Amino acid sequence: MKRKNYPVGQWKNYMYWPLMLTILLVLMNMPLYYFDKKAGICVSVFSALYFFVVLGVFLANKSMLRNEVISFATQYGTVQKKLLNEFEIPYALLDYNSKILWMNEAFSNITEKDKGYHKSVATIFPSITRELLEKEEHNRNIQVEWKGRFYRASAGKIYFDEETLEEGLPELDKNGQFLIALYLFDETELHASIQEIQDQQMVSMLIYIDNYEEALESVEEVKRSLLVALVDRKVSKYFSERDSIIKKIEKDKYFVSFKQKYLEELIEDKFSILEDVKTVKVGNEMAVTLSIGVGVSGTSYNQKYEYSRMAIDLALGRGGDQVVVKEGEKISYFGGKSRQVEKMTRVKARVKAHALREIIESREEVFIMGHSISDMDSFGAAIGIYCAAQVLGKKAHIVLNEVTSSLRPMKECFTEEKGYPADMFVRGERALEMADYRSVVVVVDTNRPNYTECPELLGKTKTIVVFDHHRQSSEVIENAVLSYIETYASSTCEMVAEVLQYFNENIHLKSNEADSIYAGILIDTNNFMTKTGVRTFEAAAYLRRCGAEVTRVRKLLRDDMAAYKARAEAVRYAEVYRGAFAISICPAYRDVESPTIAGAQAANELLNIVGIKASFVLTEYNEKIYISSRSIDEINVQLIMERLGGGGHLNVAGAQMKGCSVSEAKRRIQVTLDQMLEEGDIEV
């Protein structure tokens, strides 16, 4: 049906207003009849004459006025379209499917597309997707790059009604109720300026010589100054090439500052100074190693220095011979391929023992917990700390949720019948009810909060103590009042045995307590074949004097037949990958209570095969995939496990995976090995 051309909108009001005044004249004329009839008649005649004159003028000029308005609107639309087409800012109209309907000359010149190009905008800018355009909160800041230039794309929706659909946009799909106006703002110069500012930012770096004293002792006295001079020269030459400031702040410490633009160059070089400094040989038997902490992206120079200090602490805590780059919350690791040198002095153990005694004396109750699915090292270390608390007359509890089959024989040595309190072992839920701000929580054999038996317990008190021998990662227990982490130690039990010797003169371990600590050392060293040093045997000798019996411990650590079969199956069906890596899956038999322990034992067994440099055994347990990795000395399995979200030591490490199958986890290990071999992080 054809629409009639009646005036509409404000134009209608202006056209009809003179006619509407007739009504006002009639209303004014009515009182005149009451006062003067002749005057009323005159006004009535005038009103009628006025009405017909105005009506005639309206009818005569109606078409002319409408044509003038249409002509003006046409000219205005033409000018507006011309202005949009010649607009210097690139501009395009998209439909609700992100298909380009129209573009101006600037948009066409940038994209090198003609105005007949009616495809999705994602074919030009892949980052501008339909899903992204539908999210209005993201429409104002879409960063795109096109042929070496950077643009900020700003998009806004233009809504319209059905009348507009019918008359104004015949080609538009009427299922959509809006158009999208897309603008491109060239920010190439701004991007370059920001990058230049970032490149000119100063980076703070701390360099420590890990084994300064040990390296000097391994060389003749007359050559010691030469060794130090050569190391200084290596460090100065490496960083002076990057326009750096190098300042030696102590005999074995350096402070370096340089522009941030050189950091990417150092990362690509993988901080070759770590390997370069090891080539310094003047008769020294021990190679010199460095630890480097880098602080980036701080809001001030002071904060960058704090970042570098935190990074160097993390590098030292992970065993040294590596670089840690802290960029805000992001932490990156480089190096870390060397075994940390064992410290012969026990001064640190004595200092930590005295500090632990002071902390326990000032608290009312002690809670000791290790990692979840506790092993013998975690259990033995907890027993050692429990004995220390008992000597000081403090109430102590060991948080233990799950007792594995390998741990049960040892735990049964601490019952009420043998003189131990019923609440010596408590579950995590009970510990949360008992603990308060007056308690101290001692964490053993882990430094990750999420790996503990009860992570919530760490928030119940501000007094936290950490004893561990694993390398630190970016996820650590924060605000610990005492942290004793020695990565060269064979086990946490070795560390606790040393601390107990200096803790109190009146401490005397019972035979079963000494057995527990000794068993932890025995398991973690694989019967004194892995990571053993002088201090390991000294700790074992101390425990032997306290009553530890080797034969008794061996009987307690024996496996049942089901666990032995599971371990044998894992070894039997192991796959050799790339000629040097043994990868296997430990079968999760129902009658095996602790399949993860069987998997770890199988990983140790696989290293006895000729040609195997590292082993990986996967175990599916409690809806998780547990990975046990082992090596002898050629492969740093800690670096491999960190790529998979885990960690550990150079030759003993592990990881946990969720939401994937065993075969998928196995494939991820293979992909990680391929990547690290290609990048040179590991060598076969």
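I took helices (H or I, at least four residues) and strands (E, at least two) as DSSP runs, numbered from the N terminus. For cavities I worked on a 1 Å grid over the protein atoms alone, where a cavity is a set of points where a 1.4 Å probe fits but cannot get out, and where lining residues have an atom within 4 Å of a point.

The model is a predicted one, in which local features need pLDDT of at least 70 and side-chain atom pairs count only at pLDDT 80 or more, while totals for chains, interfaces and linings use all residues. Residues are numbered from 1 along each chain as its sequence is written, and side-chain values use heavy atoms, with hydrogens and water left out.

**Entry 1: cavities**

I looked first for enclosed space, and I noted three cavities of 30 Å³ or more. A volume here is the space filled by probe spheres set on the points, with grid points joined across faces, edges and corners.

The second largest cavity has about 50 Å³, and I listed M369, G370, H371, S374, S378, F379, A382, I398, V399, L400 and E453 as its lining. Two elements, α13 (376–391) and β13 (395–399), each give two or more residues to this lining, and α13 gives the most, with three residues. I sorted lining residues by class, counting Ala, Val, Leu, Ile, Met, Phe, Trp, Tyr, Cys and Pro as nonpolar, Asp, Glu, Lys and Arg as charged, and the others, Gly among them, as polar. For the second largest cavity this gave six nonpolar, four polar and one charged residues.

The largest cavity holds about 60 Å³, and its lining consists of I209, N211, Y212, A215, L216, L227, V228, V231 and V288. Here the elements that give two or more residues are α7 (212–217) and α8 (224–240). By class I counted eight nonpolar residues, one polar and no charged ones in the lining of the largest cavity.

**Entry 2: aromatic rings**

I then searched for aromatic pairs, meaning rings of Phe, Tyr and Trp (its six-membered ring) with centres within 6.5 Å, where planes under 30 degrees apart count as stacked, over 60 as edge-to-face and the rest as tilted. The search gave 15 aromatic pairs.

One of them is F255 with Y305, a tilted pair at 6.2 Å centre to centre and 55° between the planes. Because F255 lies in strand β8 (residues 253–259) and Y305 in helix α11 (residues 301–317), this pair ties together parts that are 50 residues apart in sequence. For accessibility I used buried for under 20% relative accessible area, exposed for over 50% and partly exposed in between (1.4 Å probe, protein chains only). F255 is partly exposed at 25%, and Y305 is partly exposed at 33%.

I went back to F379, which I had met in the lining of the second largest cavity. The ring centres of F379 and F414 are 6.0 Å apart with the planes at 65°, so the pair is edge-to-face. F379 lies in helix α13 and F414 in the loop between α14 (408–411) and β14 (425–426), so parts 35 residues apart in sequence are tied together. Both F379 and F414 are buried.

I also noted one aromatic cluster formed by Y91, W102, Y183 and F185.

For charges over rings I required NZ of Lys or CZ of Arg within 6 Å of the ring centre and within 35 degrees of the ring normal. K253 lies over the face of Y208 at 4.8 Å from the ring centre, and the charged end of K326 sits over the ring of Y307, 5.2 Å from its centre.

**Entry 3: salt bridges**

I counted as a salt bridge a side-chain nitrogen of Lys or Arg within 4 Å of a carboxyl oxygen of Asp or Glu, and the whole structure gave 31 of them.

K278 and D321 form a salt bridge, with the closest N and O atoms 2.9 Å apart. K278 is in the loop between α10 (273–276) and β9 (290–296) and D321 in the loop between α11 and β10 (322–327), 43 residues apart. K278 counts as buried at 15% relative accessibility, and D321 counts as buried at 3%.

R578 and D674 also meet in a salt bridge (2.7 Å, N to O). R578 lies in the loop between β18 (575–577) and β19 (581–586) and D674 in helix α23 (residues 662–679), so the pair ties together parts that are 96 residues apart in sequence. R578 is partly exposed at 46%, and D674 is partly exposed at 22%.

Finally, I recorded a network of salt bridges that links K270, R643, E679 and D681.

Terms used
On a 1 Å grid over the protein atoms alone, a cavity is a set of points where a 1.4 Å probe fits but cannot get out, and a pocket is an open set with protein on both sides within 12 Å along at least five of seven lines; lining residues have an atom within 4 Å of a point.
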